Structure formats: C-alpha cells, structure tokens
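The exercises below are meant to be worked with the sequence and the coordinates side by side. Please try each task before reading its solution.

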Amino acid sequence: GENVQIKGEVLDEVIESNDYVRFELKTEKINKTECEEKVSLIYFKKPDDNFTVPETGDVIESLCTLSVPDGAMNTGGFSYASYLKTKKIYFNGVCDGKTLSVAGHNNHFIKDNVRKFRNKCLSFFDECFPQKEGAILKAYIVGDKNALSNDEAEIFSASGLSHVLAVSGMHVVIFISCLVSFLELIKVSKQKQRILSAIAVIFFVMFTGASTSSIRAASLSFIAI
C-alpha cells in the first residue's frame, strides 16, 4: 500500500490496450535495497503523462504502489492470485507514469531477434489487412489478442471458438506438419527432422508469446518427437 521506488528488467510480452499497459518485472532494487522478486505491474494511461511503453529487456525505474493480488471473488471462481503464483509472482502494483523511465536495456540475442521478427509480422498484418481482419489474424497466427475488440472476442466466445485464438496444440501441430513436409521435400533424414522440429518448436513458442497453452502444447510435442 506504500509508494516504493522500483528498478528492474521487463520480462516477457508487454500487453498494451487503449487504457493501460501491463508487464512483468524482475526487480533489481526496491527503495535502493537489492531485491530479486517478480512483480506484475500496470500503468493506467493519462493524457498528460509523457509515457514510453517499455519493451522486453528494458531496465526501468518507477514509483509504484504494491499490493497482494486478490483471490477468487466467489467460491470456485477464478483466482488471479493463484494464477500469478503459477508464475512465481506474489505481488502486483500500479506504476506512476510520471516517474517511469527506461534506465537501460539488457541484451538477450535470441529473445530480442525473435521479438523483432514478431513485431515485423504484427506490422505486416496492420499494413496489409483491414483492422478487424488484421486483429483476428494476429491473434490466430501470432498469438497477440491485444488488437481484438471486446465485441469480437465476445463473438468468438459465444460461438465456442475462443480456442482458435489461443495458441495451443492445433497451432503447434500445423506448424510441425508444415515444417516436416518441407524437410521431407528437401530429403532431410528422419533423425535430423526430429532435431530440427524440436528446435523450431522452441522458437515458435517464443514467437507466439510463450503463453501457458503454447508451452503445454510444445512440451507434449517434445514427448511425441
């Protein structure tokens, strides 16, 4: 409940909407005391804030108000606190946009290049398709559902097709099938096919945002391979 000065590295995908920016942070310091802790942070956009959306790997500093995540509102319902615990996150917080600044960037060669390629693909959908179709393709192919409107998400939910927009087993199977077909076409041996498929699945999971469903599907595909 108190304001604390936080410094740390932005992890994984930064989620941005019209109203807020949400990201996970691995802290380096809290109030000048060295401290390694994963926290889930959110910034609510304000017109007067000169706010720069951080990227994965950025080291940021900001005043934040930390709290313990809420549990399930109803018995047996969704518990946000339990969900965060699966990611080893025990605190969430609200950033003060006026104090948030990028202090540096930690380079991660593979992750950075996969992220750049992912951003190019997202830009391609924005440039080549209307907003509605582009948003659906970004969710279906890249696993980015940020551009989907609430109405569009509700339509998929009501029709029982929400799973199409969640990168999972279906997407991994299609990806591996296309890759194996190509490797067979160029006469790659079965053993090399399995090795290359396993490596490619790792990059595919990173490319699609490393969601829980994609990690689960990738793990099962490893067992199958």
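The exercises that follow concern a predicted model, and they go from the whole chain to helices and then to single residues.

**Exercise 1. The chain as a whole**

Task: Describe the secondary structure of the protein chain, and then its extent, burial, contacts, surface and charge.

Solution. Begin with the elements: the protein chain holds 7 helices and 7 strands, and along the sequence they follow the pattern β-β-β-β-β-α-β-β-α-α-α-α-α-α. Next take the extent, for which the C-alpha atoms fill a box of roughly 60 × 40 × 40 Å along the principal axes. Of the 225 residues, 35% count as buried. Among contacts with a separation of 6 or more, 62% are made by residues 24 or more positions apart. The accessible surface comes to about 13800 Å², and carbon and sulfur atoms account for 58% of that surface. Finally, the chain carries 25 positive and 27 negative side chains, with the centres of the two sets 8 Å apart.

**Exercise 2. Helix α7**

Task: Compare the expected span of α7 with the distance between its end C-alpha atoms, and then work out how its buried residues are arranged about the axis.

Solution. Step one is the length: helix α7 covers residues 212-224, and at 1.5 Å a residue its 13 residues should span 18 Å, which agrees with the 19 Å between its end C-alpha atoms. Step two is to list the buried residues, which are Ser213, Ser214, Ala217, Ala218 and Ser221. Seen down the axis of α7, these buried residues fall within an arc of 130 degrees, so they line one face of the helix. Step three turns to the face directed away from that buried side, where the exposed residues Thr212, Arg216, Leu220 and Ile223 are carried. Step four asks what provides the cover, and the elements over the buried residues of α7 include α5 (169-185) and α6 (190-207).

**Exercise 3. Helix α6 and what follows it**

Task: Give the end-to-end reach of α6, identify its buried residues and their packing partners, and say which residue with a positive phi follows the helix.

Solution. With 18 residues, α6 reaches 25 Å from its first C-alpha to its last, close to the 26 Å expected at 1.5 Å a residue. The buried residues of α6 are Gln193, Ser197, Ala198, Ala200, Val201, Phe204, Val205 and Phe207, and they pack against α2, α3, α5 and α7. After α6 comes Gly209, which has a positive phi near 95 degrees.

**Exercise 4. Arg118 and Asn92**

Task: Are Arg118 and Asn92 buried or exposed, and which residues does each of them touch?

Solution. Arg118 is found in helix α2, residues 109-128. Its relative accessible area is 7%, which is under the 20% cut-off, so Arg118 counts as buried. Leaving out residues up to four places away in sequence, Arg118 touches Glu13, Val142, Gly143, Asp144, Phe207, Thr208 and Gly209. One of these partners, Phe207, is itself among the buried residues of α6, and another, Gly209, follows that helix.

Asn92 lies in strand β6, residues 91-95. At a relative accessible area of 16%, Asn92 is also under 20% and therefore buried. With the same sequence neighbours set aside, Asn92 touches Ser40, Thr65, Leu66, Ser67, Val68, Pro69 and Tyr80.

**Exercise 5. Three loop residues**

Task: Locate Ala147, Asn31 and Lys88, classify the exposure of each, and state the sign of phi for Asn31 and Lys88.

Solution. Ala147 is found in the loop between α3 (131-142) and α4 (150-158), and with a relative accessible area of 25% it is partly exposed. Beyond residues up to four places away in sequence, Ala147 touches Gln131, Ala135 and Lys138. The C-alpha atoms of Ala147 and Ile136, which are 11 residues apart along the chain, are separated by 8.1 Å.

For the other two, the background is that most residues other than glycine have a negative phi. Asn31 is not a glycine, yet its phi is positive, at about 55 degrees. Asn31 belongs to the loop between β2 (20-30) and β3 (33-34), and its relative accessible area of 41% makes it partly exposed. Lys88, likewise not a glycine, has a positive phi of about 60 degrees. Lys88 is found in the loop between α1 (80-85) and β6, and at 59% relative accessibility it counts as exposed.

Technical notes. Residues numbered from 1 in each chain as written. Predicted model: local features only at pLDDT ≥ 70, side-chain atom pairs only at ≥ 80, totals over all residues. Heavy atoms only, no water. Helix = DSSP H or I, 4+ residues; strand = E, 2+ residues; numbered from the N terminus. Expected span 1.5 Å × (residues − 1). Buried < 20%, exposed > 50% of the residue type's maximum accessible area, 1.4 Å probe, protein only. Arc of directions from axis to C-beta. Contact = heavy atoms within 4.5 Å. Areas by Shrake-Rupley, 256 points an atom, 1.4 Å probe, with all protein chains shown as cover. Lys, Arg positive; Asp, Glu negative; His and termini not counted. Charge placed at Lys NZ, Arg CZ, Asp CG, Glu CD.
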